[in-house]
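Q: I have a structure with a bound ligand in front of me. How do I read the site, step by step?

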Amino acid sequence: MASRTVTLTGWGRIAPSSAELAEPASAASAAGLLKPAGPAGGGPGGVNARGVIARGLGRSYNNAAQCAGGVVISTARMNRIIELDPATGLATCEAGVSLEQLMVAGLPSGWFVPVSPGTRQVTIGGAIAADVHGKNHHVAGSFVTHVPSFDLLLPGGELRTVTRQADPALFWATAGGMGLTGLIVAATVQLKRVATSRVRVDTVRTADIDETMVVLAEHDATFGYTVAWSDSLATGVSLGRSVVTSGDFAELDDLPAAGRADPFAFRPGARLGVPAGFPPGLINRYTVAAANEAWYRKAPRLRQGELQTIGTFFHPLDGIRNWNRVYGPGGFRQYQYVLPFGAEAAVRRSFELISKARAPSFVTVLKRFGEGDPGLLSFPMAGWTLALDFPARTPGLAGLLDRLDQLVIEAGGRVYLAKDSRVTADSLAQMYPRLAEFRKLRAALDPDQILASDLSRRLAL
Ligand SMILES: Cc1cc2nc3c(=O)[nH]c(=O)nc-3n(C[C@H](O)[C@H](O)[C@H](O)COP(=O)(O)OP(=O)(O)OC[C@H]3O[C@@H](n4cnc5c(N)ncnc54)[C@H](O)[C@@H]3O)c2cc1C
């Protein structure tokens with residue numbers, strides 16, 4: 001099938017690589033790209049001789065959806081919602097359907113996505129492959145919990161319907177498997193019943209990391225969605241000060257009379273963009289410290305029952321189309337860890353390390369996860385998760401992140417592959433105890449090594 005050479009990066013814009021981009025409109029045309037290299041693989045030596053990987057909307061932060069010198073299969077044209085049953089909320093979709101599309105289709109009959117990451121510009125394929133989590137992980141688990149089955153094109157081109165009952169090994173290798181077991185072409189997703197499209201939100205401003213952890217724990221017991229936005233540069237008695245926002249979908253009676261006529265209103269609408277000439281280097285320790293201070297001071301000490309839209313509560317960053325450009329041409333590195341409960345001292349220590357290094361993380365989010373699922377490489381586990389993003393050119397960043405890796409390993413935690421750009425294969429093996437199982441399954445499933453990504457090569461996944 002036709003392809004064109006493109007240069008791709010992830011959302012952090014740090015590690016470009018070139019590949020042949022193919023955009024099949026059906027599973028049948030994608031299947032040809034998953035044959036072993038050789039004439040059947042698309043040309044002399046096969047265009048896929050350097051491997052093949054799937055790509056959704058490119059919202060993973062580094063190069064999980066890239067394959068230097070090989071083939072990247074975009075699911076952009078496989079974006080039909082095949083069926084959405086308004087009575088049960090069971091949606092069957094092609095893999096390139098975005099969470100935003102599902103919201104637009106489901107909300108009029110009272111259905112919302114079961115799990116939403118901090119952006120709705122994520123495909124169903126990408127949500128399964130990274131087994132994404134949202135603010136409701138403590139009650140709802142990660143995305144795959146709500147996926148009864150998916151259709152997977154295996155390396156070699158065979159199409160298989162995979163369920164956790166009939167094929168648990170393949171199911172749990174694909175959940176969080178970063179595209180390395182095949183191309184998901186379609187999936188069923190059980191949507192979540194909601195009474196309105198507004199969220200009733202409580203906001204609490206906390207003084208330090210200890211209070212932040214206490215409030216998060218309390219709110220987990222009473223709210224379906226919780227998260228803390230933290231000031232990563234605060235030090236001393238203010239270390240880890242945060243604004244905790246927690247909420248649940250509002251009932252019809254919670255809406256003002258004027259809003260009840262259209263309880264499921266949801267208008268993703270036009271979004272602002274970052275101008276092309278946006279000055280690089282504007283995100284630095286001084287501007288981030290000032291922004292954190294202003295944003296913290298502006299937050300109420302306590303506010304209860306505020307009604308917020310889906311966009312404001314779940315996807316504030318989606319309001320600016322290409323916000324990743326504010327970091328300039330150097331891009332930025334995301335880093336996210338989870339540490340098990342009991343490792344609270346290590347959470348505190350991580351805040352100390354970050355603030356001491358004066359490393360300006362613009363978006364710093366702390367939350368508690370519930371139990372993880374059996375995904376071999378699935379990220380969530382019961383404990384504390386902290387997401388950070390730093391301009392890639394931050395002085396001393398490599399040393400800081402190496403130190404955080406060490407802390408994570410010592411505490412029995414792990415980092416998130418959808419965001420990773422620099423962990424070593426050795427460190428990863430210490431973080432993911434089932435990595436060897438994943439590699440063994442891959443070796444049996446894909447003996448010709450058809451599937452590969454820049455991420456899988458670096459980490460020998
Ligand atoms: C602003 C922002 C906020 C975010 N917040 C969160 C969050 O709160 N929680 C969270 O978990 N994640 C979060 N993420 C990360 C994001 O949810 C994941 O990286 C997700 O996988 C991106 O989906 P995508 O469709 O863009 O996939 P891509 O980035 O294109 O690909 C991601 C991985 O999925 C694989 N893949 C994609 N489609 C398929 C397919 N059809 N078949 C097989 N494999 C496939 C790719 O090979 C790659 O390994 C956030 C990202 C951004 C930009």
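Q: Which residue has a polar backbone atom 2.8 Å from an oxygen atom of the ligand?
A: Start with pairs of polar atoms. This is a predicted model. Here an oxygen atom of the ligand sits 2.8 Å from a polar backbone atom of Gly56. Gly126 also offers a polar backbone atom, 2.9 Å from a ligand oxygen. For Ala64, the distance from a polar backbone atom to a ligand oxygen is 3.3 Å.

Q: How much of the ligand's accessible area does the protein cover?
A: Compare the ligand on its own with the ligand in place. On its own, the ligand has 960 Å² of accessible area, and the protein covers 96% of that.

Q: Which residues are closest to the ligand, and how many surround it?
A: Count the shell, then look at its nearest members. The shell holds 33 residues. Ala54, Arg59, Ser60, Thr123 and Tyr416 are the closest.

Q: How do the residues of the shell divide by character?
A: Sort them by class. There are 19 nonpolar, 12 polar and 2 charged residues around the ligand.

Q: Which strands and helix each supply at least two residues of the shell?
A: Map the shell onto secondary structure. Strand S3 (52-55) and strand S10 (183-190) each contribute at least two residues, and so does helix H3 (124-129).

Q: Now the cysteines. How many disulfides does a search of the whole structure find?
A: Look for paired sulfur atoms. The search finds 0 disulfides.

Q: Why is Cys67 classed as buried or exposed?
A: Check relative accessible area against the cut-off. Cys67 counts as buried because its value is 1%, and buried means under 20%. Cys93 is buried too, at 0%.

Terms used. Residues are numbered from 1 along each chain as its sequence is written. This is a predicted model: local features need pLDDT of at least 70, side-chain atom pairs count only at pLDDT 80 or more; totals for chains, interfaces and linings use all residues. Side-chain values use heavy atoms; hydrogens and water are left out. A residue is near a molecule or strand if one of its heavy atoms lies within 4 Å of it. A polar contact is a pair of N or O atoms within 3.5 Å; within protein, one must be able to donate a hydrogen and the other to accept it, and residues adjacent in sequence count only if both atoms are side-chain atoms. Accessible areas come from the Shrake-Rupley method with a 1.4 Å probe; for residues, only the protein chains shown count as cover. Helices (H or I, at least four residues) and strands (E, at least two) are DSSP runs, numbered from the N terminus. Ala, Val, Leu, Ile, Met, Phe, Trp, Tyr, Cys and Pro count as nonpolar, Asp, Glu, Lys and Arg as charged, and the others, Gly among them, as polar. A disulfide is a pair of cysteine sulfur atoms within 2.5 Å. Buried means under 20% relative accessible area, exposed over 50%, partly exposed in between (1.4 Å probe, protein chains only).
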